[in-house]
Amino acid sequence: MVELRGVDVTFATRARPVHALSGIELSIAPGEFLSIAGPSGCGKSTLLRVVAGLTAPSAGAVTLRGTPVRGPRRDVGFVFQRAALLEWRTARGNILFQAEMRGLPKAWARRRADELIEMTGLTGFENAMPYELSGGMQQRVSLCRALLHEPDVLLMDEPFGALDALTREQMNRELRRVWEATGMTVVLVTHSVAEAVYLASRSVVMGPRPGRVVEEFAIDLPARRDYARTLESAEFQRVTGRIRELLGASGAAD
Ligand SMILES: Nc1ncnc2c1ncn2[C@@H]1O[C@H](COP(=O)(O)OP(=O)(O)OP(=O)(O)O)[C@@H](O)[C@H]1O
């Protein structure tokens, strides 16, 4: 679904060039849930932005479903750390904004928004304004907005980082359920090692800047994952332990 071949990114800044990514090689299969962990500033967001076509690589190539990524793509959805909702629109109005931006048929978009509202447990809050929603609900709206146009690939940049621990856990369960229901390809950047392992089918750990992939883990956990049981399992302990070691070596474990 997504291929990165020898991707390098260097930003020209006033002080000096910043080498953000170095020689990234990554293949992401259709329907895969890939998580990316790594120390702060190692280029995780840059990597997502390259896949989304928001940042152009300085060298190397990125393809999505076999076609080169040369600019922002219709077939990806993006969820940012902050929900960034339009304050003057209701939850539903924010979700439908995606359809308006893309000129999608109105009746179809309304039906799709209703489906997503139900799937993410927002029923009853469709007409609430953003300030009336909790942080977790705002992120659900943001997720619905990213999914409205049925993207093949969902890119998530530390989407639950601003939430309290309990809400984060609940959002993890829900995201996993949404992924199971849709079979989408998801790439998630996270600072939480537990989240990286609970959610994903594969986890990639990056090293300090210039960011490169230092290790990959296939996560051998059942497709249906009960939260508490998963966290207690030997496989979960093994992978989180190894990722923490790697991050600890670069001073970044949480
Ligand atoms: N537009 C830009 N111009 C200049 N430098 C940039 C730009 N975007 C990112 N950088 C630099 O590139 C490096 C990688 O940044 P990036 O945000 O991708 O890291 P990250 O791993 O997502 O960090 P964090 O975990 O702290 O969010 C950093 O040193 C950052 O300062």
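A residue counts as near a molecule, and so joins the shell around it, if its C-beta atom, placed from the backbone, lies within 6 Å of that molecule. With that in hand, here are the close-ups, which come from a predicted model.

**View 1. The shell around the ligand.** Welcome to the ligand, with 13 residues around it. Those that come nearest are F11, S40, K44, S45 and T46. Two elements, β2 (18-28) and α1 (44-52), each give two or more residues to this shell. The largest share belongs to α1, which supplies three residues. Sorted by class, the shell holds seven polar, four nonpolar and two charged residues.

**View 2. Helix α5 from end to end.** This helix covers residues 165-182, 18 residues in total. From first C-alpha to last, α5 reaches 26 Å, close to the 26 Å expected at 1.5 Å a residue. Follow the chain just past α5 and you meet G183, which takes a positive phi of about 65 degrees.

**View 3. The two faces of α5.** Which residues of α5 are buried? They are R168, M171, N172, L175, R176 and W179. Seen down the helix axis, the buried residues of α5 fall within an arc of 140 degrees, so they line one face of the helix. Turn to the face away from that buried side, and you will find the exposed residues L166 and A181.

**View 4. What covers the buried side of α5.** Here we look at the neighbours of those buried residues. The cover over the buried residues of α5 includes two strands, β3 (33-37) and β8 (185-189), together with the helices α4 (135-147) and α6 (193-199).

Methods: Residues numbered from 1 in each chain as written. Predicted model: local features only at pLDDT ≥ 70, side-chain atom pairs only at ≥ 80, totals over all residues. Helix = DSSP H or I, 4+ residues; strand = E, 2+ residues; numbered from the N terminus. Nonpolar A, V, L, I, M, F, W, Y, C, P; charged D, E, K, R; others polar. Expected span 1.5 Å × (residues − 1). Buried ≥ 20, exposed ≤ 12 C-beta atoms within 10 Å, placed from the backbone. Arc of directions from axis to C-beta. Contact = placed C-beta atoms within 7 Å.
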